[in-house]
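Work through these short exercises with the model open beside you. Try each task before reading its solution.

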Amino acid sequence: MKLSVVIAAYDERENVEELARRLDRTLRALPGVDSEMIFVVEGRDGTREILEGLDAEIGRIRVLYSEKPGGLGRAFRRGFAAISPDTDFVVTMDADLNHQPEELPRLLDERERVDADLLIGSRFVAGSQSQGIPLWKRAVSGLMNKIIGSLFDVEALDKSSGFRIYRAATLRRLTDYRNDDFAFLPEMLIRGTVLGMRIAEAPIHFTFRTRGVSKMSILQTTRSYLALLRTRFDRLSVAAVALLAIGAAVRLAYAFPTHRYPTDADSLLTGLRALDILEGKLRVFYSGVRIGALESYMHVPFLRFLGVSRAAVSIAPLLSGIATLVVFFFFVREILGRRTAALALLFLALPSPAYLTWTYLPNGYPETILICCAVLYVAARIARTGHKDGAAFALGLFAGLGIWQSIQTLTCTIPAALWLVARRPDVLRRGRFWALGAAGAVLGATPWILYNLVHPFATFEGNFAMRAAASASSVASNTAYFFRYNLREILIGVTPFRRPPTLFVSPIGIALQSPAAAAYVFALAALVLVAHRRNLVKGDGDGRDRSGAQLLLWVAATITFLDIVSAAGEKRGFTVRYVLPLYLVAAAALGLLVTRLWPRRRVLAAAALAAVLALNLGNYYWPWTAERRYWRQLDGENGELLKFLEARKIAWICGNYWIVYPMNFLSARKLIAVPFNPGHDQFGYADRLPPRPTGWALVGRNPEWLARWAQTAAIRGNVVEVDHNYHVFLPDPEETRALSPRKTLALLIQSATWGN
């Protein structure tokens with residue numbers, strides 16, 4: 001066997017003699033190996049002269065010299081070009097004694113055992129040791145290893161190690177790398193991965209240099225890696241980044257300028273729970289025992305920094321929505337390839353009006369969808385790349401967080417788990433996989449577990465989503481409602497939360513519903529076809545197995561089934577939020593449809609894309625639409641109402657839940673707002689009423705209704721208009737002093753009639 005060792009040495013006179021002698025002894029001890037050492041020397045410190053003197057003594061040393069340094073990548077390119085034509089394997093090492101020559105025999109044996117085209121002497125696999133590495137170098141190396149692994153699908157843990165063994169035939173296919181500096185090392189792995197080469201790792205003992213000066217500067221290394229990252233951004237990558245920016249901009253336009261939310265009272269419940277957390281009262285749920293308080297914890301730093309406002313609670317859902325775009329892209333890339341992932345991202349960046357509306361609100365659903373995406377991505381990653389400890393733990397962690405956040409995440413966790421079992425039974429037979437997954441799940445679900453220990457089975461008894469439908473007729477009714485409302489609204493709905501109801505709805509939007517619906521039908525057909533045939537998507541060209549389409553179908557089936565057979569499906573009204581993960585499947589299917597149609601039926605592909613996007617874009621709540629102007633007006637009027645009540649020293653108010661309950665948050669709970677329906681008092685604010693008589697008022701939008709309510713309760717006073725949308729009934733002073741707040745509230749509840 002012929003072995004060539006290539007080493008780049010830039011001003012390494014302190015280390016090069018010891019390295020050459022130790023390497024020479026190691027190579028001579030290898031049985032049946034003919035070897036050579038090629039040193040690519042740069043600089044003027046005498047390294048060249050030392051090596052030439054050693055060659056006269058021990059032989060087998062070739063020196064390629066250049067006084068002016070041209071970069072590490074360029075130096076190795078020169079060395080690779082100089083290897084003997086009959087070389088079988090090429091070893092590369094650092095010249096600063098970071099790598100121990102005595103480990104070479106073990107690495108050669110490991111390469112032969114696994115039959116690798118490229119073996120990496122790794123600092124990050126089990127059994128490796130590292131000593132003396134500066135903190136900044138650890139940080140740069142660790143960060144770039146993670147980024148490169150994610151962006152380029154390189155599975156090796158140590159992508160920047162220079163201690164390697166190449167099959168010579170393999171190396172000749174890799175020497176057209178572009179980077180002339182440090183980043184040529186991961187670039188070669190990227191190229192090898194694309195070419196399907198077998199890359200393996202073995203542990204080494206890495207010791208940071210003790211003599212001489214490192215040539216690796218932060219600025220130079222960063223510039224080198226940035227140049228490498230730029231090579232990743234082909235047209236598809238640039239398109240994906242642009243779509244991510246567009247999706248973020250759309251969600252930013254939805255969240256700001258701030259306004260009264262369409263479901264304001266419900267949406268501000270997460271903010272009220274965050275106020276509890278700020279007071280040191282840790283909360284597990286924000287809505288009964290159904291939706292976890294994860295988003296409330298995310299609100300805390302923004303409430304501290306920005307104060308109590310709608311702006312502060314708009315940031316967490318915005319960040320979750322943007323993160324969902326990123327994770328969704330990587331998930332679809334795992335199962336359907338890069339081109340389909342980019343197109344699917346287009347449909348999620350500009351989604352249906354119902355999906356966008358429900359996932360910009362601070363109501364916990366943005367985090368629910370993010371967790372669903374995360375579970376699907378990690379499961380798909382494990383299915384493609386096999387078991388990794390971090391992935392197993394992450395899968396369990398996201399599944400556990402999902403159990404705490406919302407039972408709705410099971411619509412993705414269950415099919416992901418079943419699909420993973422079917423795809424990778426070898427992984428699931430490993431005890432370590434189960435142990436790490438279980439540890440992650442327990443950690444993620446810890447709040448939920450502790451709550452159920454303190455309140456046995458409370459989340460099972462108090463969560464309607466965990467109960468079965470009442471009867472077979474209920475299931476039949478749920479099925480009809482699912483297809484008549486939920487499915488239609490999540491895909492082609494054009495009027496989520498239209499208020500007031502007299503606002504104009506574009507006839508163009510209505511007209512686009514039919515062609516958009518047809519696009520979704522064909523997208524489902526494409527998904528079924530790919531899942532059935534398990535073939536490759538034409539035009540995608542990255543050679544991945546497309547059986548991941550089955551996972552999408554399983555998710556869609558699970559969402560549909562659980563909604564129909566559960567008590568959640570018996571709810572009526574704005575229940576599209578119960579099937580929001582279904583749009584993830586729809587976006588991926590649309591991306592797949594366009595990918596398949598584009599090479600052969602470009603007009604049809606463009607028509608499907610245009611119909612769906614035109615329907616979506618034409619029916620958003622843009623800042624200039626009538627709805628947004630109306631909600632913005634209400635936001636300002638909320639502030640005026642608070643000023644009015646504060647000026648009159650009103651301590652508590654009563655009224656319709658949707659009107660008064662947001663005042664608890666907007667006043668930072670300085671004002672107590674209690675709904676006249678006790679069942680709507682989500683957090684029991686009636687119990688906070690002071691024991692002694694104090695100023696109070698009735699709040700509503702209809703002055704006649706307020707007057708009738710007060711008259712029914714036999715309370716004297718006057719109705720005052722605060723602005724066009726809000727009116728306040730102020731009782732006479734003697735009425736305020738007559739009864740305690742709790743007795744007054746009891747009288748008001750008894751006398752109230754539905755209205756606003």
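**Exercise 1. Determine how strand S14 is joined to strand S16, and in which sense the two run.**

Solution.
- Step 1. Locate the strands in this predicted model. S14 covers residues 696-700, and S16 covers residues 727-731.
- Step 2. Count the bridges. Three of them link S14 to S16.
- Step 3. Read the direction: the two strands are antiparallel.
- Step 4. Check a pair. Gly-700 has His-727 of S16 as its bridge partner.

**Exercise 2. Find how S15 pairs with S16, and what joins them.**

Solution.
- Step 1. Five bridges hold S15 and S16 together, in the antiparallel sense.
- Step 2. Take one of the positions, Val-719. Its bridge partner in S16 is Phe-729.
- Step 3. Trace the connection. A hairpin leads from S15 to S16 through five residues.

**Exercise 3. Put the strands of the sheet in order and name the edges.**

Solution.
- Step 1. The sheet is open and has five strands. Their order is S13-S12-S14-S16-S15.
- Step 2. The edges are S13 (672-675) and S15 (717-721), each of which pairs on one side only.
- Step 3. From one strand to the next, the twist averages 25 degrees.
- Step 4. Classify the pairing of the sheet: it is mixed.

**Exercise 4. Which strands do helices H32 and H34 meet?**

Solution.
- Step 1. H32 (residues 703-712) packs on the sheet. It touches S12 (652-655), S14, S15 and S16.
- Step 2. Compare directions. H32 makes an angle of about 25 degrees with S16.
- Step 3. Turn to H34 (residues 741-751). This helix lies across S12, S13 and S14. It runs at about 10 degrees to S12.

**Exercise 5. Is Ser-667 buried or exposed, and which backbone nitrogen lies 3.2 Å from a polar atom of its side chain?**

Solution.
- Step 1. Place the residue. Ser-667 sits in the loop between helix H31 (662-666) and S13.
- Step 2. Apply the cut-off: buried means under 20% relative accessible area. Ser-667 has 11% relative accessibility, so it counts as buried.
- Step 3. Find the nitrogen. It belongs to Leu-671.

**Exercise 6. How many disulfides are there, and why is Cys-372 not bonded to Cys-412?**

Solution.
- Step 1. Set the criterion: two cysteine sulfur atoms within 2.5 Å.
- Step 2. Test Cys-372. Its closest cysteine sulfur is in Cys-412, at 3.7 Å, which is too far for a bond.
- Step 3. State the total. The count is zero disulfides.
- Step 4. Add the accessibility. Cys-372 is buried, at 1% relative accessibility. Cys-654 is also buried, with a relative accessible area of 0%.

How values were computed:
Residues numbered from 1 in each chain as written. Predicted model: local features only at pLDDT ≥ 70, side-chain atom pairs only at ≥ 80, totals over all residues. Heavy atoms only, no water. Pairing = 2+ DSSP bridges. Helix = DSSP H or I, 4+ residues; strand = E, 2+ residues; numbered from the N terminus. Axes fitted to C-alpha atoms, helices over the stretch in contact; angles between N-to-C directions. Contact = heavy atoms within 4.5 Å. Buried < 20%, exposed > 50% of the residue type's maximum accessible area, 1.4 Å probe, protein only. Polar contact = N/O pair within 3.5 Å; in protein donor to acceptor, adjacent residues only side chain to side chain.
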